[in-house]
Each structure stands twice: as C-alpha cells, then as structure tokens.
Amino acid sequence: MSICTRFAPSPTGYLHIGGARTALFAWLYARHHGGEFVLRIEDTDLERSTPESVNAILEGMAWLGLTYDRGPFYQTEHFARYREVIQKLLDTGHAYHCYCTREELEVMRTEQMERKEKPRYDGRCRHRKEPREGVQPVVRFRTPEEGVTIVDDMVRGKVAFQNHELDDLIIARSDGTPTYNLTVVVDDMDMKVTHVIRGDDHLNNTPRQINILRALGAEPPRYGHLPMILGPDGLKLSKRHGAVSVMQYRDEGYLPEAVLNYLVRLGWSHGDQEIFTLDELVRLFDIAEVNQSASAINPEKLLWLNQHYIRTLDPDHVARELGWHLGQIGIDPSEGPEPRQVVLAQRDRCRTLREMAEASVFFYREFTEYDPKAWRKNLTAEALPVLQALHDGFRALGAWEKEALHQVVLHTGEMLGLKLGKVAQPLRVALTGGTASPSIDLTLELVGRDRTIARIERAQAKISAESA
C-alpha cells in the first residue's frame with residue numbers, strides 16, 4: 001500500500017505551533033514510508049477564511065521546509081463534488097432531510113439536560129416523508145443505532161464509541177453548504193489518504209467520519225490523534241505564553257531547523273537523543289512512539305537548540321536568514337561586511353538571529369551615542385595617546401587583515417608599556433560605542449579601514465572637547 005498523509009488547516013489565522021507540529025508529524029510519517037504528503041486548505045468557513053491566512057499557512061510551511069507532493073487543494077473548489085456525495089447518501093438512505101427549527105432543537109436540548117441526559121439530536125425527522133412548509137431543511141447523516149465503532153488509533157490504541165451515543169450529525173446546512181465532517185470525509189476518500197494524523201480535539205469526530213466512509217463503501221484511513229501542546233504553566237497554549245505562530249518564531253530570530261527539532265520533541269522521543277538532522281528524523285520517526293500525554297513548551301530548550309544550530313549549521317545558510325533580520329532593522333547588508341563573516345564572528349555570542357542582527361549594527365551603521373559607563377571608564381584623557389598610536393599604526397598598514405591588525409594592537413601596547421586590555425578596550429568602545437564585540441582584531445577587520453580610522457578620530461575629538 002502506498003502511504004499518503006495530509007495536513008488540512010483552516011485558513012482562519014496564522015499557522016499555529018500546534019498545527020505546525022501536526023504537519024511535521026504527518027510529513028515525517030509520509031517521508032519515512034516513501035509516501036505522499038498532501039496539503040489541503042479547508043476554507044469552507046466563508047466568513048472566517050481569508051487570503052491572508054492562506055498566505056500565512058503557505059509561508060509557514062515554506063519556511064519550515066515542509067514540502068508537499070500534491071496541493072494545495074482548496075475545499076471551496078469542490079462544492080459540486082460534495083453535493084454529489086450528499087445526494088448519494090440521501091438516495092441510499094444513509095442521510096435524510098431534517099426540518100426541525102432552531103427553536104425546536106433548543107427546547108429538545110433543554111429538556112434532555114433537565115433529565116440529565118447527554119444533549120443530542122433525537123432523530124425525530126429520521127422517518128419523515130413529507131417536507132415542512134416554510135422550513136428549509138438541513139441534511140443529517142443516519143448514524144447506525146446499534147453496534148460499536150472502533151477507532152484503532154496509532155497513538156492511543158483502540159478507542160470504542162457506542163453508535164447509539166453518536167447523534168445524526170448535520171452534513172449539509174439549510175443553504176446547501178457542506179459541513180466539516182462531510183467535506184473531510186470526501187476529500188480523504190478522493191485523495192486516497194491512508195493515514196490521518198491530527199490533534200486529539202478531532203477524536204470525537206473520527207467515529208462519525210468512519211461511519212460516513214463506510215456508508216460510501218470506502219475503507220477508512222488509519223487515524224493517529226496527537227495530544228495537545230500546553231504552556232509552561234500546564235495550561236492550554238495561548239498568546240500569553242509568547243510566540244504561538246510559526247512565523248513569530250522566525251521574526252524572533254529562530255532558525256527553521258531549531259523549530260523543527262523543538263516541535264518533534266513535543267511528544268516524540270528516540271532514546272535520550274535531543275538533536276536530530278532532518279534525515280535522521282525521516283529515518284527514525286515512528287508515530288507509535290508518540291506520547292499519549294500532553295507536552296509543555298519550554299522556551300529555554302528552544303533557545304538552547306537555536307544557539308546550537310546557529311553555531312553548527314553552514315554559515316552561508318545562517319547568513320541568508322541573518323540577512324533578512326538585518327533588513328528588518330533597516331540595515332542593507334551590502335553596506336558592510338558579508339553576513340557570513342558576521343555569523344562566524346558572532347555565532348558563539350548570540351542565541352537568536354535577531355539578537356545577532358541587533359548586536360551587529362555597528363558593523364554597518366554609525367552609532368550616535370556611546371554607552372555612558374563604557375565611555376567614562378575607557379575613553380579618558382589617558383586614552384588619547386593610545387588612540388593616536390593605533391590611528392597611526394592602522395593608517396600605515398598595508399593589507400587590512402586580522403593578523404596584521406592584531407600585531408598593530410600588540411605593538412601599541414608594547415610601545416606604551418600597557419597590557420592588552422588597556423589598549424583593546426578603549427579601541428573597542430571607540431569602534432562600537434560599547435564594550436561588547438567579537439575579538440578586537442576580528443572587530444577591526446569587519447568594521448573596515450575607513451570606518452575604523454574615522455571612529456578613532458571621532459572619539460579623539462570628543463575626548464579632547466570634554467577635557468578642554
């Protein structure tokens with residue numbers, strides 16, 4: 001059997017971190033078995049679905065690298081097919097028209113609750129033959145009244161549902177539009193989906209969908225329902241916990257590799273291994289190893305993973321992501337050192353790419369102020385001869401290279417009888433406005449000759465003005 005999984009989000013907002021994990025697990029299962037992964041946009045909620053949300057889903061999938069073999073398919077393009085299936089269910093007696101009004105259904109529900117019964121449609125229109133004047137009917141699926149529907153869940157094991165507890169769900173609204181449980185069944189059947197991996201909030205829908213598929217003479221797919229993701233406080237994940245959108249993680253400076261590695265560990269493990277390449281995940285992933293209990297996010301764990309990937313991934317790849325972050329803070333990467341050089345200089349110092357971009361502004365743009373504490377401590381009148389000697393040494397230098405720059409700094413210290421720190425730190429403050437930067441020789445190399453000399457002269461002028 002050829003394996004086919006799908007990811008089927010509703011375009012009513014951003015790509016949620018829980019949805020991204022579902023997509024990842026479905027993608028990994030398909031890739032592990034050499035099968036297909038389908039992207040389907042379930043956009044039948046015409047009031048809430050927006051083109052912006054569709055774009056957010058596609059952008060999030062692309063950023064994570066979760067490529068799909070077929071799609072994206074849009075449910076709004078398949079209404080004719082849904083009407084055809086609904087009519088087939090009516091013709092075969094597996095569905096019927098329900099003429100109950102909203103008020104009648106509310107009374108039914110109230111009476112059932114007063115009797116301490118589970119609220120459910122009582123099937124009063126099941127055997128109705130004549131239409132009801134002035135009422136546009138819905139279409140309900142005729143759920144089997146006896147027996148048990150077993151969901152052989154790939155995560156939870158076998159879950160039994162008594163058919164008599166499943167009410168006759170609506171499969172077409174009074175305006176003729178199909179409902180979720182009908183459209184998802186038709187699409188899974190037509191797209192030959194063999195394995196459905198989704199959140200456990202869909203578990204109660206699964207027996208209903210299995211019954212509809214059987215009524216259509218189709219073999220149901222295997223289902224696997226993933227436990228929810230919680231916040232660090234054990235409560236349902238929400239905006240109060242920080243980033244919940246995939247692209248918000250991008251905006252905050254995380255690499256897609258770190259986010260994928262983080263997501264896969266929310267509910268799945270392979271021994272004690274924490275860090276996986278994508279190839280390793282494809283080879284090792286097994287849906288049967290997914291935990292049944294909910295997983296809590298751990299922001300510190302994600303930061304740790306992100307710094308690992310910043311340090312170990314191909315610098316050119318990290319530089320492409322860094323270039324985007326530089327652009328977000330108004331910096332043109334062509335106006336300074338190549339982002340690859342900045343990555344190599346800063347990757348051991350920064351946990352996110354946004355942090356790296358913000359810590360590297362001085363390589364590309366003139367700063368307007370010095371850190372007051374750094375200035376008072378390092379750029380006193382005693383620093384003037386140090387800066388002048390460095391200025392002269394740099395101006396006389398041939399090739400602007402790290403080793404040669406290092407020698408100028410060392411020679412200045414020897415000539416003035418000063419330790420390296422007494423030379424390097426005033427120079428660092430003059431170059432960057434503060435005391436944090438890569439090694440002084442590497443900082444000099446990346447700042448460049450013209451900027452270095454100009455910034456030393458600027459610091460000298462400010463010291464002289466204050467001294468006077």
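In which sense do strands E6 and E7 pair, and over how many bridges? Here are a few points to help you find your way around this predicted model.

1. Let's start with that pair of strands. E6 covers residues 148-153, and E7 covers residues 157-162. The two pair in the antiparallel sense, over six bridges. Three residues sit between E6 and E7, and the two strands form a hairpin. If you would like one pair of residues to look for, take Val 151, whose bridge partner in E7 is Val 159.

2. While you are at E6, have a look at its side chains. In a regular strand, side chains alternate between the two faces of the sheet. E6 shows such an alternation: Thr 149, Val 151 and Asp 153 point to one face and are buried. Val 148, Ile 150 and Asp 152 point to the other face and are not buried.

3. Next, the pockets. The largest pocket holds about 1200 Å³ of space. It is lined by 36 residues, and the closest to its centre are His 16, Gly 18, Gly 19, Asp 201 and His 202. Four elements give two or more residues each to this lining: strand E1 (4-7), helix H1 (17-32), helix H5 (180-190) and strand E9 (195-199). H1 gives the most, with four residues. By type, the lining of the largest pocket divides into 14 nonpolar, twelve polar and ten charged residues.

4. The second largest pocket has about 620 Å³ of space. Among the 24 residues of its lining, Arg 102, Leu 105, Val 138, Arg 140 and Ile 170 are the closest to the centre. Helix H4 (102-114) and strand E5 (138-141) are the elements that give two or more residues to this lining. The largest share comes from H4, with six residues. The lining of the second largest pocket is made up of eleven nonpolar, five polar and eight charged residues.

5. Finally, a single residue that deserves a visit: Ser 245. You will find Ser 245 in the loop between strand E11 (229-230) and helix H7 (246-251). Is this serine buried or exposed? Ser 245 has a relative accessible area of 9%, and buried means under 20%, so Ser 245 counts as buried. Leaving aside residues up to four places away in sequence, Ser 245 touches Tyr 14 and Leu 15.

How values were computed
Residues are numbered from 1 along each chain as its sequence is written. This is a predicted model: local features need pLDDT of at least 70, side-chain atom pairs count only at pLDDT 80 or more; totals for chains, interfaces and linings use all residues. Side-chain values use heavy atoms; hydrogens and water are left out. Buried means under 20% relative accessible area, exposed over 50%, partly exposed in between (1.4 Å probe, protein chains only). Two strands pair if DSSP finds at least two bridges between them. On a 1 Å grid over the protein atoms alone, a cavity is a set of points where a 1.4 Å probe fits but cannot get out, and a pocket is an open set with protein on both sides within 12 Å along at least five of seven lines; lining residues have an atom within 4 Å of a point. Grid points are joined across faces, edges and corners, and a volume is the space filled by probe spheres set on the points. Ala, Val, Leu, Ile, Met, Phe, Trp, Tyr, Cys and Pro count as nonpolar, Asp, Glu, Lys and Arg as charged, and the others, Gly among them, as polar. Contact means heavy atoms within 4.5 Å.
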